[in-house]
Amino acid sequence: MNRKFENQYGYFTEDGREYVVKTPFTPRPWGNIISNGDYSLMISQTGSGYSWRGNAGQNRITRSFQDLVKDNWGKYFYIRDLQRNTYWSAAFKPVMHPYQQYQVVHGIGYTRIMQQVEDIASTLTIFVAPDAPLEVIQLTLTNNSSETRELDVTSYAEWLLGFSPDEHREFHKLFIDTSCAGQAVFATKCLWGFPDDKGRWNNVDWPYTAFMAVSEPLKSFDCDKESFIGMYNNDDRPRAMTEPTLAGRTGRFTDAIAALQVAVTLPPGASKTIVFTLGAAENGTEDAHELIARYTSITGAEQAFAALQPFWARFLDREQVETPDDAFNFMTNVWAKYQAISGRLWGKSAFYQVSAGWGFRDQLQDSQVYLVGDPDFARKQLLLHAANQFIEGDVLHWWFTIRGGGPRTNCSDDLLWLPFILHSYLQETVDYDILDEQIPYLNGPAEALYEHCKRAIERSFSRFSPRGVPLMGDHDWNDGLSAVGTLLKGESFWVAEFLHMVLGGFIPLAQRRGDDRFADRCALVRDSLKVALNQHGWDGQWYLMATTDDGLLLGSQTNDEGKIFLMPNIWAVMSGTADGKRAETALASVTQYLLKDYGTLLNYPAFTRPRPDIGYVTRYAPGLRENGGVYTHAATWSVWAYARAGQPELAYEAYRRICPPNRSADIDTYKAEPYVTPGNIDGPLSEYYGRGGWTWYTGSAQWLHRVATHWILGIRPQEDGLLVEPSIPAHWPGFKITRTFRGAVYAIEVENPQRVHGGIRLVTVDGQPHSSHILPVFGDGKTHPVKIVLGT
């Protein structure tokens, strides 16, 4: 097998669809977020992690605690040799027994941990069933010694069942009831924490039945942490491993866990597979016993695992690229899409952050990753977000996924992402029927989606300074600018550019619907935004970020710290608000000050002391996250800006420097997983310059995918067809991309015989010359070969 991007900790398989971790001792937890859109789990290379259903904050199933150093919470499996009087765990944690071999494979929808201890080889495969609220854990043991081995296998998980705050654990555990029946233990909880229909708090049941089951007859079981672990012990040396059987405690008066023990006899060379399941069945609509019967067997597990490939294929495989850059291919074809869907949209939780809700701007942007594979998911996301808007046009900054509720703020950009993402959706699908979908407001009757977008834009129109620049409000896209404009005096020049782009996409919609008066008003405001930005926002060599409530400049040559910000300078190019020389000058400043070894910094130089008139961004240590670090979400947009400005080599450099597999060469500096995007990379003033952080749960994944396909490969959907406008490195001999578009498959092969960056010399479609670089819409369910030759 050809190992790709190998380092001392791991490597990609040849096709990039699996990442193999060679040791449990990675620089940070290297994990997998596995979800089917309802049930989710997190697992690290040590075997630690936790499970939840629907919401990691409001509906957690097993207990966890955020500790990236210890990584010591999980659902664990102990293997005990009764003759040798020793035990270990099927993963490195919790026992941390010396091993003979150790390897972890993270794949799409599964993780496999392979280990050999005391001549017993084990393979632990963990995945979420594609169509059920449970996880399957398949453990295969093989005796590689010359003697018969008498073993037992013991599972262990600590129930949480509902809200996750650990500071209230001693209260919440009092409401859990456990029982055992057949080859399974069950847990229910007569309190969730929500009010009942009369507003009485803590007066409703947790509406699920949790279970852990095993495919083999039980040797013993326990549902009490105290008897299993033992007072003042830890899970690396539980009392249960010193007792012949588990204590068998159940009921209302225990510290609720799930522990199942089965016996295994292995002659020399023999293997045995045991299947565990863990899940939560909704009372009244799902039957825990039926789920156990369906999945808790070798056959049931194998059938569920086989269903993973077609389940993920519709999201990943309907767009595949083949370029000379393996890192580009692996992230674009597999990992960026998988991360955005499984981790960001579905799981909404990871090692660095737990989310209990939807972010209005966040998951709207993420939903663009659905557009090629299954755009109906993006459609549903748009309608969901429209339902969390007020009739005044503003929106919830975020809201809980269970029972709703969230903060209503004066954030200046949230509401505008609704028309922005709608434009992306319509470019891909031309599903104009969505504009007439009736969605109620949080505080008003239902209106068409078009009206929701219109109200968002009108609300933004009401938030301008006397100079015609949008107000910052509580903050704009950069949440860390949390004190710049809270008095509704400070301005955001980035919002001016963003709104300019939004209006550019919305005006044709208004005209299409005969709403000419609003279209004309939008055009007038759009023109005035460009004038105001260039009159008040230009600082000589780049664009200002903002003015504060006190009228101070932010992102100016006059500032000692935070002199230049990335966002207003790349969006000036992306939105077309910067013309000619200014666009060139602004991007040159970005290149000079912000494009660094590990990507494009969000601002420079970093703030070294708190500024209460700017916000919490200044309270990060210099070089961390938004304070002078590479904030990867924004760094992806610099790729777009460079490509749009006709600077393809810099576009590729901006991409290459943040593309995770490329950091395999200096992995001890980077530390983060090289197969998913980080939220941030430490900037030059950090003591750990180049360190990646906040992986998995970040909006950078979808955007890394989108700028790769739309702006480097240049394959962009348009109203009238599929635009092909590559902006590639000149050394590439070409590339291939196969993608679905409005009911047909386009197999595009781009050749670059002259070694140029772009420019199209020849187009053929279905073997016939085609006079445009916009490919026609077929919609016939067929595959159409397209050949593009670059050159002049």
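**A walk outward from Ile 748**

Leaving aside the residues within four places of it in sequence, Ile 748 is in contact with Ile 715, Leu 722, Val 724, Phe 735, Lys 736, Ile 737, Leu 775, Val 786 and Ile 788. These contacts belong to a predicted model, and they make a useful starting point for reading the rest of the chain.

Ile 748 is one of the residues that touch the most other members of the largest nonpolar core, a group of 219 residues in which Trp 335, Trp 417, Phe 420, Trp 571, Trp 637 and Tyr 655 are also named for this. The largest share of this core, 13 residues, is supplied by helix H11, which runs over residues 493–512. A second core, separate from that one, holds 19 residues, including Tyr 110, Leu 134, Phe 186 and Leu 308. In soluble globular proteins, nonpolar side chains tend to be buried together.

Turning to the whole protein chain, we find 18 helices and 42 strands. Its radius of gyration is 28 Å, close to the 28 Å that the globule rule gives for 792 residues, and therefore the chain is as compact as a globular protein of that length. Along the principal axes, the C-alpha atoms fill a box of roughly 80 × 65 × 55 Å. Of the 792 residues, 63% are buried, and among contacts between residues at least 6 apart in sequence, 66% join residues at least 24 apart.

On the outside, the accessible surface comes to about 27,600 Å², with 49% of it belonging to carbon and sulfur atoms. As for charge, the chain has 73 positive and 90 negative charges, and the mean positions of these two sets lie 2 Å apart.

Key:
Residues are numbered from 1 along each chain as its sequence is written. This is a predicted model: local features need pLDDT of at least 70, side-chain atom pairs count only at pLDDT 80 or more; totals for chains, interfaces and linings use all residues. Side-chain values use heavy atoms; hydrogens and water are left out. Helices (H or I, at least four residues) and strands (E, at least two) are DSSP runs, numbered from the N terminus. The radius of gyration is taken over C-alpha atoms; the globule rule is 2.2 Å times the number of residues to the power 0.38. Buried means under 20% relative accessible area, exposed over 50%, partly exposed in between (1.4 Å probe, protein chains only). Contact means heavy atoms within 4.5 Å. Accessible areas come from the Shrake-Rupley method with a 1.4 Å probe; for residues, only the protein chains shown count as cover. Lys and Arg count as positive and Asp and Glu as negative; His and the chain ends are not counted. The place of a charge is taken as NZ of Lys, CZ of Arg, CG of Asp or CD of Glu. A nonpolar core is a set of buried Ala, Val, Leu, Ile, Met, Phe, Trp, Tyr and Cys residues joined through side-chain atoms within 4.5 Å.
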